[in-house]
Amino acid sequence: MKITDALLTPNKFSRPQIHLKSVKKIAVHYIGSAGSTAKNNRDYFEGLKDQIPDKTGKYCLNKDGTYMLYKGQRIDLRWVSSHFIIGLSGEVVQCLPLDEWSYCTNQANGYSISIECCHPDANGKFTAATEQSLAELCAYLCKKYSLDPIKDIIRHYDVTGKQCPLWYVPTKYQTEAVANARWLALKQRVAYIMGCGEVDKPTDSTVSYVPFKVRIIDEALNIRCAAGVANKAVGVIRGGGVYTIVEVAQVGSAVWGKLKSGIGWINIGDKYVKKI
Ligand SMILES: [Zn+2]
């Protein structure tokens with residue numbers, strides 16, 4: 001994992017230079033703007049320095065002193081930043097020194113390092129590359145500050161209840177159990193990277209670290225063009241063998257895995273494969 005330095009210009013809206021006395025938590029976020037890059041978001045934080053506050057300190061003014069408007073409404077001033085942004089290809093950009101506050105995690109700003117993650121889609125799912133860098137960065141920070149990856153890596157959701165990072169919190173698309181299992185799996189991956197030895201497997205079997213290998217135990221297992229039994233079969237695996245799964249999806253009660261070759265998806269339920 002390579003960290004690119006892109007420190008923000010000191011300014012009261014995104015780099016207030018408040019001394020961060022101690023680091024007790026690592027706070028993980030999702031950017032919210034699907035498809036935006038690490039650089040886009042770093043530039044957005046940087047651009048906040050140009051905000052011109054009105055007398056109340058609540059709204060943005062134009063250079064001529066008139067109120068900046070959006071759809072007829074005054075635009076609020078924003079105080080936003082994060083220590084790190086992880087991009088869609090797993091690139092890590094550092095926006096703030098580690099001994100300064102970010103404006104990212106509300107009441108936790110005074111004791112946390114914040115990490116924003118980019119995501120390609122509105123569902124907030126991180127790419128495999130982003131997730132890998134996130135796990136490595138968290139491992140690095142947990143070691144640096146002697147933190148416990150299971151207890152001390154937190155979601156924005158844990159602080160304020162905000163649905164952030166979206167893929168890892170309960171929403172109308174995912175139950176609390178699924179969200180928590182995803183979150184736990186990520187933290188366990190950090191623990192694994194830190195070399196904490198064996199860690200408990202996630203309790204939700206629909207959540208797995210990818211890639212992983214499976215041994216086919218079904219005699220003739222259909223490969224389908226997409227996850228789900230309703231999709232067209234594009235091949236059959238006969239006679240077992242070991243395959244690498246690079247992505248996992250749940251369809252109804254069945255769990256599907258995408259084959260590394262890219263040819264399609266197989267059901268990776270216990271009846272068909274054995275994880276190895
Ligand atoms: Zn957040």
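Helices are DSSP runs of H or I of at least four residues, and strands are runs of E of at least two, both numbered from the N terminus. In these terms helix α2 is followed by Ser-146, which has a positive phi near 50 degrees. The model is a predicted one.

The protein contains five helices and 17 strands. Its C-alpha trace spans about 75 × 45 × 30 Å along the principal axes. Of its 276 residues, 33% count as buried. Among contacts with a separation of 6 or more, 64% are between residues 24 or more positions apart. The chain is divided into domain 1, covering residues 3–193, and domain 2, covering residues 212–275. Taken over C-alpha atoms, the centres of domain 1 and domain 2 are separated by 36 Å.

Helix α2 comprises residues 128–144, 17 in number. The distance from its first C-alpha to its last is 24 Å, close to the 24 Å expected at 1.5 Å a residue. The buried residues of α2 include the nonpolar Leu-134, Ala-135, Leu-137, Cys-138, Ala-139, Leu-141 and Cys-142. Thr-130, Glu-131 and Ser-133 of α2 are also buried.

In helix α1, which covers residues 38–47, the buried positions are Ala-38, Asn-41, Arg-42 and Phe-45. These residues lie on the same side of α1, because the arc they cover around the axis is only 100 degrees. The buried residues of α1 pack against three strands, namely β7 (84–86), β8 (92–94) and β9 (112–117).

The largest nonpolar core has 45 residues. Those with the most contacts inside this core are Ile-26, Ile-86, Cys-117, Leu-134 and Cys-138. Two or more residues are given to the core by each of β2 (25–30), α1, β7, β8, β9, α2 and α5 (176–193). Of these elements α2 gives the most, with seven residues. Cys-138 of α2 is in contact with Ile-26, Pro-149, Ile-153 and Val-190, when its neighbours within four places in sequence are left aside. Another core, of twelve residues, lies apart from the largest one. Its members include Tyr-243, Trp-265, Ile-266 and Val-273. In soluble globular proteins, nonpolar side chains tend to be buried together.

Strand β14 (residues 242–251) pairs with two strands considered here. With β11 (residues 212–216) the pairing is antiparallel and runs over four bridges, and Arg-215 has Val-242 of β14 as its bridge partner. With β15 (residues 254–259) the pairing is likewise antiparallel, over six bridges, and Val-251 has Ala-254 of β15 as its bridge partner. The hairpin of β14 and β15 has two residues between the strands. In this hairpin Gly-252 takes a positive phi near 60 degrees.

Asn-11 is located in the loop between β1 (3–5) and β2. Asn-11 has 16 other C-beta atoms within 10 Å and is therefore partly exposed, since a buried residue requires 20 or more and an exposed one has 12 or fewer. The C-alpha atoms of Asn-11 and Glu-46 are separated by 8.8 Å, although the two residues are 35 residues apart along the chain.

Terms used:
Residues are numbered from 1 along each chain as its sequence is written. This is a predicted model: local features need pLDDT of at least 70, side-chain atom pairs count only at pLDDT 80 or more; totals for chains, interfaces and linings use all residues. Two strands pair if DSSP finds at least two bridges between them. The expected span of a helix is 1.5 Å times one less than its number of residues. Two residues are in contact if their C-beta atoms, placed from the backbone, lie within 7 Å. The arc is that of the directions from the helix axis to the C-beta atoms. A nonpolar core is a set of buried Ala, Val, Leu, Ile, Met, Phe, Trp, Tyr and Cys residues joined through C-beta atoms within 7 Å. Domain bounds come from an automatic or database domain assignment.
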